[in-house]
Amino acid sequence: IAPSLQGSNRAAKNCAGRSERQVPHESKMSVPDPSMLSSKRVLYVGGLADSASVQVVRAAFIPFGAVKSLDIPMDYVSGKHKGFAFVELGDPDDVTEAIFNMDGAELLGRTLKVSLAQANQISKLS
């Protein structure tokens, strides 16, 4: 089932001339490197539905550029994710486009909150 996205028309226009890029790595549990956060390439994605998976989140952000890493912190007590993710894109311009198009968009029936990740959000992983 394809994720429900709203507000992605601009992304489709931007991706039309883009060459296919290979995605080297994605993970579920690793903590983003603080140096990545200062490079303005990591997004905080909040408001994820319980049914959201790594594959769904990746599919939602791949139109904006190469997804270098994707981290969905888990709550080990409940066995579910915590409702947010960190998405690292390859280019700061891709991050700007993703925020513009995905903040307030709907994914699996939930409204997303997408912003530039901040160093203090790393504390949510513990």
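Among contacts between residues at least 6 apart in sequence, what percentage join residues at least 24 apart? In this predicted model, the figure is 73%.

**Figure 1. Overview of the predicted model and its order of elements**. The protein contains four helices and eight strands. From the N terminus on, these elements follow the order α-α-β-α-β-β-β-β-α-β-β-β. Of the 126 residues in the protein, 40% are buried. The protein exposes about 6,800 Å², and carbon and sulfur atoms account for 53% of that area.

**Figure 2. Close-up of the largest nonpolar core**. This core comprises 23 residues, and L43, V45, F61 and V87 have the most contacts inside it. Two or more residues come from each of β1 (42-46), α3 (54-61), β2 (67-71), β5 (84-89) and α4 (92-102). The greatest contribution is that of α3, which supplies five residues.

**Figure 3. Surroundings of V45, with its neighbours within four places in sequence left aside**. V45 is one of the residues with the most contacts inside the largest nonpolar core. With those sequence neighbours excluded, the residues in contact with V45 are F61, G83, F84, A85, V87, L112, K113 and V114. Two of the names in this list, F61 and V87, also belong to the group with the most contacts inside the largest core. A second core, separate from the largest one, has five residues, among them V42, F84, F86 and A117.

**Figure 4. The buried face of helix α3**. The buried residues in α3 are V54, V56, V57, A60 and F61. Viewed down the helix axis, the buried residues of α3 lie within an arc of 170°, and they therefore line one face of the helix. In general, an α-helix has 3.6 residues a turn, so residues three or four places apart point the same way. The packing partners of the buried α3 residues are β1, β2, β5, α4, β6 (106-107) and β8 (113-116).

**Figure 5. Close-up of E88 in strand β5**. E88 is located in β5, a strand that gives two or more residues to the largest nonpolar core. The relative accessible area of E88 is 5%; because buried means under 20%, this residue is classed as buried. Which side chain makes a polar contact with the side chain of E88? The partner is the side chain of R41, at 3.2 Å.

Terms used. Residues numbered from 1 in each chain as written. Predicted model: local features only at pLDDT ≥ 70, side-chain atom pairs only at ≥ 80, totals over all residues. Heavy atoms only, no water. Core = buried A, V, L, I, M, F, W, Y, C linked by side-chain atoms within 4.5 Å. Buried < 20%, exposed > 50% of the residue type's maximum accessible area, 1.4 Å probe, protein only. Contact = heavy atoms within 4.5 Å. Arc of directions from axis to C-beta. Polar contact = N/O pair within 3.5 Å; in protein donor to acceptor, adjacent residues only side chain to side chain. Areas by Shrake-Rupley, 256 points an atom, 1.4 Å probe, with all protein chains shown as cover.
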